[in-house]
Amino acid sequence: LFPAGCSSFKKVTPNIDEEGAMKEDAGMMDVHYSEEVLVELLEQCVDGLWKAERYETISEVSKLIIPIYEKRREFEKLTQVYRTLHGAYTKILEVMQTKRRLLGTYFRVAFYGQAFFEEEDGKEYIYKEPKLTGLSEISLRLLKLYGEKFGAENVKIIQDSNKVNVKDLDPKFAHIQVTYLKPFFDEKELSERKTDFERNHNISRFVFETPYTLSGKKHGSVEEQCKRRTVLTTSNSFPYVKKRIPVSYEHQVNLKPIDVATDEIKAKTAELQQLCTSADPDMIQLQLKLQGAVSVQVNAGPLAYARAFLDDRHSNKYPTKKVNELKEMFRKFIQACGIALELNERLIKEDQAEYHEGLKSNFRDMVKELSDIIHEQVDAGGGTLKTNV
């Protein structure tokens, strides 16, 4: 009936491999599968994907329906399919412009308390929540859900993202740790997953970061600030038939203060580049990011990192390779700021001319100080750097 089998749905979801591995259910022998039933199910699938706002996957399912309609000469049905496809691609363009499609929020939820959770004790799951669900919202919901089960006075929420030491927990209570997550991609994946949809569909790795200092405090000066990056991998990909998936693997990386600096500058650069390459630039977001980027305050903004790690008085405390990496990141950052300022100049109206001049002035001051720190002449206009000989 359908020789390609489950593999045809691989682009829609990699979880289909699970279905392929399933044995035939003996109780299903009475169900008569036919081409008609298949088409009906595929049509329902298209309808479901539309409701879920997963417009990009509709074409993959339609590709399976079209040959059947063509073979049957069902031209009316074909016009309907192509009309749906036209609508789906129109919707994709619309949501890419408005950025109003929210494909979910993710949280790590861990359960502690043998007396309450039994075999679930110590287990960690990734929960997919709708739209813009906040940390407090999911925490309250879990508190209510398990409070009804175990008694409200017996359930406690841990909102700290640090590794839980079970010995420190009171066994008389059921403890639930809730941590906000973001989807995680390496450099290669980021270059392949270009759209917002691609970065929210068929995802199985998530990340959260925990700030710390060697003195034991959570936050410190830029010279002290470390962070622990934890990447969690799930046994299946989201979206899934269930709203939670167990964590199958955990990987941690500790970033030293100079690594944190490079990471922060890299993130700021990526944000500016993304805003500048957008088909429909968001001027408000661009100005907010620019304002933070060209800040010349003593203890804030990117320059604080340059003063702490690249200044001659301090740079010899750090490995040359790390110092050079940070310098290179600053070069890219200055280029991104220059391009963003040029874009802002094209977007603003007359009433914002003075505001824009303020941004440019701050940028020039930042470039001058950075040039002095790293002994390179930075061209504030185009964002290119020339080393002093």
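This briefing covers the overall build, the confidence and the backbone geometry of one protein chain. The model is predicted. The chain holds 13 helices and 9 strands, and its mean pLDDT is 88.

**Overall build**
- Along the principal axes, the C-alpha atoms of the protein chain fill a box of roughly 80 × 60 × 40 Å.
- Of the 389 residues in the chain, 40% are buried.
- Among contacts with a separation of 6 or more, 59% join residues 24 or more positions apart.

**Surface and charge**
- The exposed area of the protein chain is about 22800 Å², and carbon and sulfur atoms supply 54% of that area.
- There are 58 positive and 61 negative side chains, and the centres of these two sets lie 2 Å apart.

**Confidence**
- A pLDDT of at least 70 is reached by 92% of the residues.
- Among the elements, strand S2 (residues 124–129) has the highest mean pLDDT, 96, and strand S9 (residues 385–387) the lowest, 43.
- Over residues 382–389 pLDDT stays under 50, and the model has 20 contacts beyond four places in sequence for this stretch.

**Backbone geometry**
- Most peptide bonds are trans, and most residues other than glycine have a negative phi.
- The peptide bond from phenylalanine 238 to proline 239 is cis, with omega near 0 degrees; proline 239 sits in the loop between strand S6 (226–238) and strand S7 (244–255).
- Glutamate 53 has a positive phi, near 65 degrees, and lies in the loop between helix H2 (35–51) and helix H3 (58–72).
- Glutamate 118 also has a positive phi, near 50 degrees, and is found in the loop between helix H5 (114–117) and S2.
- Glutamate 118 is partly exposed, at a relative accessible area of 48%.

Conventions. Residues are numbered from 1 along each chain as its sequence is written. Side-chain values use heavy atoms; hydrogens and water are left out. Helices (H or I, at least four residues) and strands (E, at least two) are DSSP runs, numbered from the N terminus. Buried means under 20% relative accessible area, exposed over 50%, partly exposed in between (1.4 Å probe, protein chains only). Contact means heavy atoms within 4.5 Å. Accessible areas come from the Shrake-Rupley method with a 1.4 Å probe; for residues, only the protein chains shown count as cover. Lys and Arg count as positive and Asp and Glu as negative; His and the chain ends are not counted. The place of a charge is taken as NZ of Lys, CZ of Arg, CG of Asp or CD of Glu. pLDDT is the predictor's confidence in each residue, from 0 to 100.
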